[in-house]
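Reader: I am in my first year and still learning how to read a structure like this one. Could you take a close, unhurried look at the nonpolar core and tell me what it is built from?

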Amino acid sequence: MTVSTDYTAQEIIVVAGAKILENNKIVFVGTGLPMVASLLAKLTHAPGLIPVFEAGAMGPPLKHGLPISVGDSKTGTGASYMKGLNAAFELTQRGFADFGFIGGAEVDMYGNLNSTMMGDYPDGYQKPKVRLPGSGGASDMAASCERTILIVPHDKKKFNEKLSYITSPGHLDGTPGARYKAGMQGKGPYRLITTKGIFDFEEKTKRMRILHTFPGETIESIQAATGFELLVAPDVTQFAPPTVEEVRLIREEVDPNGVFVKRAAK
Amino acid sequence: MTLKEAVSRFVKNGDNVGIGGFVNLRQPVATVHEMVRQGFKDLTLSFQSAAMAPELLAGAMMVRPDHCSIKRIELAYWGHEAYGLSPAWRYLAERGMIEFEDWSNYNMSARFKAGAMGLPFIPTRGPLGGDIKNTSRTKVIDCPFTGRPIALLPASNPNVGLIHVQAADMYGNCIIRGTDATCAEIAMASAHTIVTCEQLLSHEVITSNPKDIMIPFPAVDAVIQVPYGAYPGACRRHYYFNGEHIREFLALIAPMVKGGSSDALKAWYDENIFGVENFDDYIEKFSTKKLLADQAAESYHCERLA
C-alpha cells in the first residue's frame, strides 16, 4: 500500500477511527467525524459493521453515502430496524451497543468530555463564556455503551485537568469501580483519537495514555500540547500514515462534498 | 382550520412548546413561521435536538423582542450538525437572556415518554456520572429493587406540541415515515397538538393498516396540510435538506454573536415572515428548480417507487 504524503489532520483521525472499529460489531455513531470513520470502516475492513443512529436507524448499508445528520434519510434506507429516539437509546441502555463513537470540545485525563459550555461552572452556567450545542445523545452513549471511542482535536486549551462541564462521563475520577458506583454500565472510554495520536486509558489508574503517535509527532510534542500529565504506554509506536487509497476513498467516496472532512491543507 | 387559526387558538403567551422532529429533520417550520408572525411572549421551548424551529423563534426575539420572546429552554442539543453551530443559541445564552436546562437526547425523549404515559417521572441511566444531573431537576436515588443509583427525570407535558408528519387524516391520525423521532411521545404528552402534514388523506386510506398510525386522533387538536412544512429542513420521501438556505440564514445571525448589526436579519424576517400572508408565500420565493432538486435528492436516497 502506497503511503500518502498529502493528507489532512481530519483525514488521519478518520482513518484511525475506522481502524479501531471492528467488523460485525454494533456501533452507536455520533454526528460528524464518527459518521465519516464508520462509513470508511464499512467500505474497507468492516463491511459488517452495524451502525446505530440516535434518530432511530439501525444497520443501514449507507449505500447512498455519508449522512449529513444522524436523522438523514440516508440512515433510513436499507436499515434493518428503525423507530425513534427512545427505541435507539433503549436498546443501548439495555446493553446492545458494543461501541459508542462520540466527539467533544474538551477532555480530561479520565476521558470525561464536555460539549455543553466553556466558562465558570457552576456559577456561570446560565451565562457561559461560550455556549456549545449541548449533549445531544453523547452522554447517553457514554453512560450505557459497552466501550466508547472519543474524538477531540488536540489543543492544550482543550485538554484540561478540570473540565468546564462534564457532559459525557468517562472514567469519572479514575477510582476503581467509579462508573459502576455512579450507576453507569459499560467499561467507559476505550480509545481517544486526537489530531496528534491515539490514546487508551491505563487499566489501573484509568488515566489517558499515549499508545500511538501520528507522523510528525513525538511523545514530547504531544505532552507539550496537553494540559495534564500523560501516561506513556511501554511500546508506543507511530501510527502508519493513511494510504493513498484511504485518502482517495475519503475524498472521492466517503465525503466527496467535504461535509465533515475539510479540505484545508495540513 | 387554517394554520393561522390553529396557532391563534392553541398557542398562548407563556406556553411550554414541545418541538417535534430531530435537528433539521421534520421540524415544524411552517407552524413556527406562523407563531413568529403572530408574536408570542415568554415561551418555554422543550425539545431533544432541534435546529431551524428554535433558530427562527430566537432570531425573531433578536430583532423584535417586544413581539416574540423565549424565556426558557429545556433541551439536549441546539445546532445544525453539518451546517454548523447555532448562532442564536450562543447569542441568547452568552448574554444571559434566557434560562435553560440541559438534558440529553434520551433524557428529553424519556421525559416526553413519561408525559405520554401519564406518569410523573421516568427512571433512566442517562444523566448519571456527569454534570447534567447537577444542573437539571434530576433526582438520583438508590433503586428500591437493585440498590444501585438510578436517575429520575420529571415528565415533560408541554402546553402545545408542534409536529410535522408525512400524512394524516382530518381527525389527526398520523403516519410518519423514516425516523419517528420523539413525535408520538410529544403529541401524547402535550395538552394540545398542532399537526402539519405533507399529505392530507382520507380516514380510510390513513387507517388501512392501523399499526401505521404513529399518533392517534385523540392526541391531536388541529391538522393542516402544509406542503414543504419542514423546509428548508428535510422530510423523508418528500424533500432533502436545503443546506444552502440554512447556511445563509445562520450567516445573518452569526455576526450578532460578536455584537454586529441586526439589520440583515431584520430584513430577512420582514421579507420572509412579516411581509407574507402564509407559509405558501414563503415557499414560493424558492426557485422551482431548487425545490425539484431537493425532491429528486430525497427520492434518490429513499430508493423507492413514488
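Author: In this predicted model, the largest nonpolar core holds 172 residues, and those that touch the most other members are A:Val14, A:Val36, A:Leu40, B:Leu57, B:Cys183 and B:Val195. Helix H3 (residues 52-63) of chain B gives the largest share of this core, 9 residues. Because domain 1 (3-107 + 156-302) and domain 2 (121-154) of chain B both give residues to the core, it lies between them. As a general background, nonpolar side chains in soluble globular proteins tend to be buried together.

To see one member in detail, take A:Val36, which, leaving aside residues up to four places away in sequence, touches A:Val14, A:Leu66, A:Val254, A:Asp255, A:Phe260 and A:Val261. Apart from the largest core there is a second, separate one of 7 residues, with A:Ala105, A:Met117, A:Leu163 and A:Ile166 among them.

The two chains also meet, and their contact takes 49 residues from chain A and 56 residues from chain B. On the side of chain A that touches chain B, at least two residues each come from helix H3 (73-76), helix H4 (85-93), strand E9 (130-131), helix H5 (138-144) and helix H6 (178-182) of chain A. Sorted by class, that side of chain A has 19 nonpolar, 23 polar and 7 charged residues.

As for confidence, the mean pLDDT of chain B is 97, with 100% of its residues at 70 or more, while the model as a whole scores ipTM 0.97 and pTM 0.97.

Note on methods:
Residues numbered from 1 in each chain as written. Chains lettered and ligands numbered in written order. Predicted model: local features only at pLDDT ≥ 70, side-chain atom pairs only at ≥ 80, totals over all residues. pLDDT = per-residue confidence, 0-100. Core = buried A, V, L, I, M, F, W, Y, C linked by C-beta atoms within 7 Å. Buried ≥ 20, exposed ≤ 12 C-beta atoms within 10 Å, placed from the backbone. Helix = DSSP H or I, 4+ residues; strand = E, 2+ residues; numbered from the N terminus. Domains from an automatic or database assignment. Contact = placed C-beta atoms within 7 Å. Nonpolar A, V, L, I, M, F, W, Y, C, P; charged D, E, K, R; others polar.
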